[in-house]
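Student: I would like to go through this model slowly, asking at each step what justifies the words we use. Could we begin once it is in front of us?

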Amino acid sequence: RQAQIGVTGLAVMGRNLARNFARHGHTVAVHNRTAAKTRDLVATFGHEGDFVAAETAEEFVAALERPRRLVVMVKAGAPTDAVIDEFAPLLEPGDMIVDGGNAHYLDTRRREAALRERGLHFVGCGISGGEEGALNGPSIMPGGSPESYQALGPLLESIAARVDGEPCCAHIGPDGAGHFVKMVHNGIEYADMQLIAESYDLLRKVAGYEPAHIAEIFRKWNTGRLDSYLIEITAEVLAHRDADTGRPFVDIVADRAEQKGTGRWTVQTALDLGVPVSGISEAVFARAISGHADLRAASASLPGPQLPELHPDDAARFADSVEQALYASKIVAYAQGWHLMQAGSAEYGWDLDLGTMATIWRGGCIIRARFLNRIREAYHRGGEAPVTLLADATFTEALRDAQVGWRHVVSQATALGVPAPGFSAALAYYDALRSDRLPASLVQGQRDFFGAHTYQRVDREGSFHTLWGDDRTERPA
Ligand code: 6PG
């Protein structure tokens, strides 16, 4: 019998994805570099569906119906190239290699171009939702050619999460578009996690609440506009106690956040495209600061203010303000992420539908949230798409209501010496965008002074230079 789809690379993500396909009635060819994993999968989960175990690359390719659909689930980077090099010579024109890893979109562009030359489709496919999502319904972001989506879309849509009957999977755009938006998804994920972590820190240090109490607050928030997977799991983590010591789990975990790279890529890409993603970059840098044990030890005796003891009523009011700061900062982080997707689309000619990402991120993925419905509406309202999400009526109104609490939290954090880089950066971005005049005019003056870099005027067309070292008259440049 011939398999509709094949999965090579049977670590936990690959294994769960293969099981997900099989559970949806597809015949799935499975392959792994070391065959023991393939045998183990079939022995343990064979009863869940129709698996064809392939020991060699040749057997694997022969097991697939044409055009072949071959999903690669290996570690991003050199292993992906190794698998492509192994399989591409065995494939025939029209066949598809789908890379489901967290690849860099520029690698995906390179691989897609090289395989296209050989008549093969290469689909860089973002997959979000972790192990659980891969098994029960992830959010899926395939790039690559529209033809490849015709052959692949129905299969991917069948295993994706669904929200209101719609699959959390759509063709994103050509070549690296799928991996690009997955990268931005992860950048937003970093920002969201950092903002939630700052909320916890402020509730603990300023309001004086214990983790179990804060878990309750997050549970309550999760019934409102902040309803999301990340808030839900935050409550779980905060409520958890260490079995050995009985202490809150969050107090026995080393406070050094690690990262595998997608957040960093988001910021690097944003720098290249000139897109301000300060919420995401602060999140990446906050992880970096946390990891610099030497720097932190050397700075431990620097002076700071005393934390007060708040009256319970004031603490409760402060907690409400934190909810407002979190919601407002979250809007900013998402607006920045969407701006980056808009810029990527323009740079690479992808013609991304910006509402689609909100639609397919409502379920399955790590940043799934009720909130995404609002972003979807903002892009699907008809008429001109908003230049920034901040200027969409729904968000403008939310920001208007939240800004007093947001400012209060940022000023309290500053006064009391609790770092809140995510909240502060988001607020600075908001204030910069709404400012009538920015001091960038002074920066232009400085640049012209020391480097004759020229400037433009508000009242006339053209570029100008002032003779700073001479009589300070102005010349057209
Ligand atoms: C997802 C996650 C997933 C992975 C992150 C973790 O969408 O399912 O984003 O891709 O868990 O890459 O990233 P860090 O290790 O960099 O935090």
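Student: Which residues come nearest to the ligand?

Tutor: In this predicted model, the ligand has 15 residues around it, and of these Ser 128, Glu 189, Tyr 190, Lys 260 and Arg 287 come nearest. Helix H8 (residues 177-205) gives the most to this shell, with 5 residues.

Student: What makes the approach of Tyr 190 to the ligand a polar contact?

Tutor: An N or O atom in the side chain of Tyr 190 is 2.4 Å from an oxygen atom of the ligand, and a polar contact requires a pair of N or O atoms within 3.5 Å, so the pair qualifies. A polar side-chain atom of Asn 186, at 3.0 Å from an oxygen atom of the ligand, can be set against the cut-off in this way too. For Lys 260 the atom concerned is a backbone N or O, and it lies 2.7 Å from an oxygen atom of the ligand. As for cover, the protein hides 81% of the 410 Å² of accessible area that the ligand has on its own.

Student: How are the residues of the shell divided by character?

Tutor: The shell around the ligand holds 2 nonpolar, 9 polar and 4 charged residues.

Student: How many aromatic pairs are there, and why is the pair of Phe 60 and Phe 87 called edge-to-face?

Tutor: The count comes to 15 aromatic pairs. The ring centres of Phe 60 and Phe 87 are 5.6 Å apart and their planes stand at 70°; since rings pair within 6.5 Å and planes over 60 degrees apart count as edge-to-face, the name follows for this pair. The two residues are 27 apart in the chain, with Phe 60 in helix H3 (residues 57-62) and Phe 87 in helix H4 (residues 78-87), and both are buried.

Student: What makes Tyr 334 and Phe 371 an edge-to-face pair?

Tutor: Their ring centres lie 4.9 Å apart with the planes at 80°, so this pair is edge-to-face. Because Tyr 334 belongs to helix H15 (residues 312-348) and Phe 371 to helix H17 (residues 371-380), the pair ties together parts that are 37 residues apart in sequence. Both residues are buried, and they belong to one aromatic cluster with Tyr 327, Trp 338, Trp 361 and Phe 395.

Student: How do you know that the charged end of Arg 19 sits over the ring of Phe 45?

Tutor: The charged end of Arg 19 is 3.6 Å from the centre of that ring, which satisfies the distance limit of 6 Å, while the second condition asks for a place within 35 degrees of the ring normal. Arg 368 likewise lies over the face of Tyr 229, at 4.0 Å from the ring centre.

Methods: Residues are numbered from 1 along each chain as its sequence is written. Side-chain values use heavy atoms; hydrogens and water are left out. Rings of Phe, Tyr and Trp (its six-membered ring) pair if their centres lie within 6.5 Å; planes under 30 degrees apart count as stacked, over 60 as edge-to-face and the rest as tilted. Helices (H or I, at least four residues) and strands (E, at least two) are DSSP runs, numbered from the N terminus. Buried means under 20% relative accessible area, exposed over 50%, partly exposed in between (1.4 Å probe, protein chains only). A residue is near a molecule or strand if one of its heavy atoms lies within 4 Å of it. A polar contact is a pair of N or O atoms within 3.5 Å; within protein, one must be able to donate a hydrogen and the other to accept it, and residues adjacent in sequence count only if both atoms are side-chain atoms. Accessible areas come from the Shrake-Rupley method with a 1.4 Å probe; for residues, only the protein chains shown count as cover. Ala, Val, Leu, Ile, Met, Phe, Trp, Tyr, Cys and Pro count as nonpolar, Asp, Glu, Lys and Arg as charged, and the others, Gly among them, as polar.
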